[in-house]
Amino acid sequence: MSNVELCKALTGATSTEELKAAADNLAVFVKENGVAALEGSDGVLKTLDATLGDSKNAVAREGGAFLFAALSKKLKGAAVPFLVSRLAVVVENAGDKKSAECRKASSKGAKAFLKVMNAPAAAQVYDMLMQQAQESTKWQVKVLALELLAGYVEIAPEFVARKMVVVVPAFSDLMWDSKKQVKEAAAKALTEACKCINNNDVQPFVPALVSAISNPSEVEECVHTLAATTFVQTVDASALAITVPLLERGFREKSTATKRKCAVITENLAKLVDNPANVAPFMPVLEPALAKASDEVADPECRSRCAAAHSALQDIAKRGGALKAVEAAPLEKVEEAVKNVIAKVDGASIEGPGKETSFKFVASSARYMTTLQDSTTDDWKEELFASIKALLPAGANKKSDAEEVAKQIHQACLSGEAAATGGVQEEFEEDEDDKHLD
């Protein structure tokens, strides 16, 4: 059967079983004929968009969700460039008011896509999912968005770590949602996100820290436990993101002992901060709290500890010289670098159905990867190879071939106009023992 006939089979289906079968057949057709079958006048994506967006036909929307899931499962990473921009509709349909079947299929479709999504795609849809989690009027949409965001810990842990300053307050607010399902999903998502905190001193306290957010009665006990901890590892923004909310609440407690312990924790953490930029987002919270406590608390010993912690924070601020945030090069510069690499591959092309979309995604993914300073060539291969394969000629589009192109793209983006700027610039001081080598 042609793709046109297969698309008609999907749009003409009337039962869940027929919809699933038609969706699977379409996905098999695309897998056998390549991603070019997705685009063009008779491309499968036209049917996907029409069914997902059919506001008058719940069965059609259910079929669209099945097709979205089937393409994710059959094409895996090769489907990501084409489906990533359509995830928002699928997540929204998980709150369908007319069809439980559509809600169920949409949820499964979104989760199927999560399993094949790479880190650059996760970064691309992050803002959308956060907005749906926070602003949707449908609790099912909120829950699904939170479940997908919880899955980021497996896909893009470094990205989540960088976003913890935003993630913690957002998920914390949702833990107070009126719907029990949303509360539970938010708590789970926050717990999962905290797995991205690269600090073994803080990790053991994550369950208690998360619990204290929705249970104020646990704040004092959590503060006392944390104050007894000896911190030794470098503290970054992700570790502060989950601890500062506890400290903020602790400083509001009436107990002098709790305020004192919050000051001790703050001072201990401050001593282990090596980049002032990591503390900057929390200064508006901690500095006023410590200044107030050091002036108003009756107990002189507590005032002294608060003043010491306040001084430690001010010292960090005075150090200045915060690391400049990593900034990716303009997308057009990265596209040019990727295009030059592809041009050197015999038979490869960035033009035509399926190819241009894949190329654009490879370039945007490469741009994202340049912001990960610790990324290796193997990381680039893992994130890019599936989309690169669509650009290579038949017979030369094996994983190994695509990985070699990914390696070349990595090299092309390490320097020049396609490279990111800012971040850590390592400096090495000459050791006395090394001078004889000159």
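The questions and answers below concern a predicted model of one protein chain.

Colleague: What does the protein chain average in pLDDT, and over which residues is the pLDDT below 50?

Modeller: This is a predicted model, and 95% of the residues of the protein chain score at least 70, with an average pLDDT of 92. One stretch falls below 50 in pLDDT, and beyond near neighbours in sequence that stretch has two contacts in the model; it covers residues 425–438.

Colleague: How many helices and how many strands are there in the protein chain?

Modeller: The C-alpha trace of the protein chain spans about 85 × 70 × 30 Å along its principal axes, and 49% of the 438 residues count as buried. As for secondary structure, the count of strands is zero and the count of helices is 22.

Colleague: How far apart are the end C-alpha atoms of helix α15, and what span should its residues give?

Modeller: Helix α15 runs over residues 237–252, which makes 16 residues. Because a helix should advance 1.5 Å a residue, the expected span of α15 is 22 Å, and this agrees with the distance between its end C-alpha atoms, which is 22 Å.

Colleague: Where does α15 bend, and which proline follows within four residues?

Modeller: The bend in α15 amounts to about 35 degrees and is located at Thr243. The proline that follows within four residues is Pro245.

Colleague: Why is α15 described as largely enclosed by the rest of the structure?

Modeller: A residue is taken as buried when its relative accessible area is under 20%, and the buried residues of α15 include Leu240, Ile242, Thr243 and Phe251. The helix is largely enclosed because the buried residues number 12 of the 16.

How values were computed: Residues numbered from 1 in each chain as written. Predicted model: local features only at pLDDT ≥ 70, side-chain atom pairs only at ≥ 80, totals over all residues. Heavy atoms only, no water. Helix = DSSP H or I, 4+ residues; strand = E, 2+ residues; numbered from the N terminus. Expected span 1.5 Å × (residues − 1). Bend = angle between axes of the 7 residues up to and from the residue. Buried < 20%, exposed > 50% of the residue type's maximum accessible area, 1.4 Å probe, protein only. pLDDT = per-residue confidence, 0-100. Contact = heavy atoms within 4.5 Å.
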